[in-house]
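Biologist: I should like to understand the terms used for this structure. Could you set each of them against its definition?

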Amino acid sequence: MLTVEQALEGIWEVTPQLGREEVSLLEAQGRILSQTVTAECDLPPFDNSAVDGYAVLAEDTEGASRQNPKTLRLIGEVMAGQLAEVPLERGTCIRVMTGAPMPPNATAMVMVEDTHLVSPSEVQIHLPVRLKDHIRYRASEMRQGDTVLTGGIPIRSSEIGALARAGCGTVSVYRQPRVAIISTGDELVGIDTPSPPLYGKIRDSNRYALASMVLEAGAQVHSITHIPDDLAATEAAFLHCVESGAEVIVTAGGVSVGDRDYVKPVLEKLGTLEFWRIAMKPGKPLAFGRIADTLFFGLPGNPVSAAVTFELFVRPTLRKMMGIVGSSLLRPTVPVMLTEYVPHTPSRREYVRAIVTPTAQGFTATVTGDQSSSRLSSLLSANALLVIPEDSTGVQAGEQVQALLLT
Ligand code: AMP
Ligand code: MG
């Protein structure tokens, strides 16, 4: 059996990176940037005021106080978006709004709160200012041509802002992988059959949960299919996905040693099976392989096993295909303190669903009840997977483990 790390390494050895496409600025939300973005001009592009107030020569305000104000002659005003043309001279000031250009010669701004307008042409200054106070100087953030963003990062609202400021109406992003989802099992019925399911049948939850995880990872759902436990149907479904352009196939169920588990033999017939067992719990039977250029993940059918193996192997692989580099590729891991005893028998590494809460003492973690891999309930409200090491004989309340944060 492979470790989780060995398995992921093996998967990534054959994982392709997808090409790029151009999208409009707002369509780039949530996508992965695939270009370097540079500043189109100096930032800020001109000296401007950081406050609403009066542009002054700093030395004209020396010694000013509320009791002993300095009086300056008001000789003009500059609103945001206007040009500043009138130069300052000793003993004068100019009213300037936040973001408006600084008048020639001005060496500081006095905030309007520290002044009193005595008449239309006279301003009292109540506070001395130093050279450069409250002025945002040209190029103080960056110079024209400096790098603003590099490729491989998810585009969030702050990146949209930076792209807009760089004048990008269109953005180059990586393509999203097209992921086909196939659930397997004669016992499964979809959400379109009468309630409750007939005796012996259960609702197919994986089909929908996996589609949701694909979208949440930032990829595209190519198709959602359910197949019975039947050799010919399995083969036909896999071929159809590959021929219709799926770049990744994710199946759930039928990958173990059951009498009607057909996923592995069909994968071996149509393509290659790279490996199928991983030393982890839940989710030991995980088949990875390829059919032509399509990556193939055969996840176990138990809903928790399917979700955890998707989280550990499929999600990072989809994100790698999308060109993500750096800290956004994998979920962050933090040390957490257990609030209760977590049993474990030394063997496989276990991923325990838990609720992690920030406290003054750091993060604490509480397990989400019974951890059977068939109990979908253990995923509800879980925001982390606790990593219980292979050799652990159980972790006591108050002890620390690593947690993979899922949000
Ligand atoms: P399998 O891996 O096919 O042996 O399935 C393991 C367990 O997971 C069985 O109890 C199945 O009924 C259940 N199961 C498999 N696929 C799904 C699914 N799509 N939705 C809900 N439960 C499933
Ligand atoms: Mg099955």
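Modeller: The following exchange takes the terms one by one. This is a predicted model, in which local features need pLDDT of at least 70, side-chain atom pairs count only at pLDDT 80 or more, and totals for chains, interfaces and linings use all residues. Residues are numbered from 1 along each chain as its sequence is written, chains are lettered from A and ligands numbered from 1 in the order in which they are written, and side-chain values use heavy atoms, with hydrogens and water left out.

Biologist: Why is Cys168 called buried?

Modeller: Buried means under 20% relative accessible area, exposed over 50%, and partly exposed in between, with a 1.4 Å probe and protein chains only. Cys168 has a relative accessible area of 15%, so Cys168 is buried. Cys241, at 3%, therefore counts as buried too.

Biologist: How do you know that Cys168 is in no disulfide?

Modeller: A disulfide is a pair of cysteine sulfur atoms within 2.5 Å. For Cys168, the nearest cysteine sulfur belongs to Cys41 and is 12 Å away. The structure holds 0 disulfides.

Biologist: What makes the approach of Glu187 to ligand 1 a polar contact?

Modeller: A polar contact is a pair of N or O atoms within 3.5 Å; within protein, one must be able to donate a hydrogen and the other to accept it, and residues adjacent in sequence count only if both atoms are side-chain atoms. A polar side-chain atom of Glu187 lies 2.5 Å from an oxygen atom of ligand 1. In Asn206, a side-chain N or O atom is 3.2 Å from a nitrogen atom of the ligand.
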